[in-house]
Amino acid sequence: MAEAILMPRLSDTMTEGVIAAWHKKVGDPVKKGELLAEVETDKATMDLESYKDGTLLHIGTEKGGKLQVNDLLAIIGNQGEDISALLAGAKGGSAPAPKAEAPAEKAPAAEKPAGNAPDLGKMEEVILMPRLSDTMTEGVIAAWHKKVGDKVNKGDLLAEIETDKATMDLESYKNGTLLYIGADKGAKVPVNALLCVIGEEGKVDVDAIKAAAAGSAIAAPAASTEAAPAQAAAATGSATADNSQENGRVKASPLARKIAAEKGINLNQVQGTGDGGRIVKSDIESFTPAKAAADTKAASSAAAVPSAPAGQVSFEDKPVSQMRKVIAKRL
């Protein structure tokens, strides 16, 4: 059965995404986990993977096009399937792409995995840890917004995932009941490891899925003493010192750079509110020269006032975030 894939919300501030590239075209066979497209958000360019097996029947916009969150991004189903109902009810859907002159060859049926263990990559009930950035190898569960037994609708917020670049919202790809959670809050989950199971109660063999995923290593939540105070201070200090520069360049998302160039805004005058002082789309849209001058004056006044009496040092020992780890590693 054909299924519509909507533009996901890939960051907490994302309202729209730009298609940086398509890796599949209409008529191509697609497998669950294969790279469909690259989506540019206000924070980074993310890889978007397919949620199911099938054929790519429709794309919502060509390369360079913009789609709002929850607009129709693509439709995946069986070759030749009627998708007119999905197109009619989709938000932001455009006209179907023209059909190729020669029909695409039907993809050969995949062989069943050896033994009785299910192939997790082909099960629609299984949600694996997605790759939310081009450098991501694992994600940390920052929070769960659903618990086992809760009803889940497509588009509902499931969890918050901390990557090496930002904390992203993970939305459900389907309707059903949350039957299993593979990692608790604070745990590290490798990309493509079992994250959770959503399906109909009594119709999904959760024990078999857990057994098949037993080989995936999931680290325990980090202890509060994970990093020594000196290490935490070094990582925090380095990030603060490099708050506005990244390898000699102003830190800004690709979308923010594009809008700034169109408006003739100097990025050096913009105060970033993203992770690590990164300039995002909303910073450019709310920027005014008068406000920038006032912020600079206020920052200079604050810097002249000591924050604590001389000779006194205070700190709070906190676990190092994924982003801070990457910063420290690269420094």
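Two strands count as a pair here if DSSP finds at least two bridges between them. With that in hand, let's walk through this predicted model, starting with a pair that clears the threshold. Strands β4 and β5 run antiparallel to each other and share 5 bridges. Within this pair, V39 stands opposite M46 of β5, and the connection from β4 to β5 is a hairpin of 4 residues. Strand β5 covers residues 45–49, and 4 of its 5 residues are buried, so the strand is mostly covered.

Now let's step back to the whole protein. It holds 7 helices and 18 strands. Of its 331 residues, 40% count as buried. The exposed surface comes to about 18100 Å², and carbon and sulfur atoms supply 52% of that area. The contacts also reach far along the chain: among those between residues at least 6 apart in sequence, 62% join residues at least 24 apart.

An open sheet makes a good next stop. Its 4 strands follow the order β1-β8-β6-β3, with antiparallel pairing. The edges are β1 (3–6) and β3 (29–30), each of which pairs on one side only. Inside the sheet, β6 (residues 54–59) and β8 (residues 72–77) pair in the antiparallel sense over 4 bridges; H58 has I75 of β8 as its bridge partner.

I75 also helps to place a residue of strand β1, namely L6. The C-alpha atoms of L6 and I75 are 8.8 Å apart in space, although 69 residues separate the two in sequence. Leaving aside residues up to four places away in sequence, L6 touches N70, D71, L72 and L73. Is L6 buried, exposed or partly exposed? Its relative accessible area is 30%, so L6 is partly exposed, since that class lies between the 20% and 50% limits.

One of those neighbours, L73, leads us inward. The largest nonpolar core has 45 residues, and L73, I141, I161 and L195 are the ones that touch the most other members. Apart from this core lies another, of 13 residues, including A252, A256, I284 and F287. In soluble globular proteins, nonpolar side chains tend to be buried together. Back in the largest core, I161 has contacts with M129, L132, M136, G139, V140, I141, A166, T167, M168 and L170, again not counting residues up to four places away in sequence.

Not every buried residue is nonpolar, and strand β13 (residues 167–171) offers an example in D169. This residue has a relative accessible area of 14%, which puts it among the buried ones because the limit is 20%. The side chain of D169 makes a polar contact of 3.3 Å with the side chain of R9.

Let's finish at helix α4 (residues 254–263), whose buried residues are L255, A256, I259 and A260. Why do these residues line one face of the helix? Seen down the axis of α4, they fall within an arc of 130°, so they share one face. They pack against β2 (16–22), β4 (35–40) and α5 (281–285), which brings us back to the β4 strand that pairs with β5. On the face of α4 turned away from the buried side sit the exposed residues A261 and E262. Just after the helix, G264 adopts a positive phi of about 70°.

Technical notes
Residues numbered from 1 in each chain as written. Predicted model: local features only at pLDDT ≥ 70, side-chain atom pairs only at ≥ 80, totals over all residues. Heavy atoms only, no water. Buried < 20%, exposed > 50% of the residue type's maximum accessible area, 1.4 Å probe, protein only. Helix = DSSP H or I, 4+ residues; strand = E, 2+ residues; numbered from the N terminus. Arc of directions from axis to C-beta. Contact = heavy atoms within 4.5 Å. Polar contact = N/O pair within 3.5 Å; in protein donor to acceptor, adjacent residues only side chain to side chain. Areas by Shrake-Rupley, 256 points an atom, 1.4 Å probe, with all protein chains shown as cover. Core = buried A, V, L, I, M, F, W, Y, C linked by side-chain atoms within 4.5 Å.
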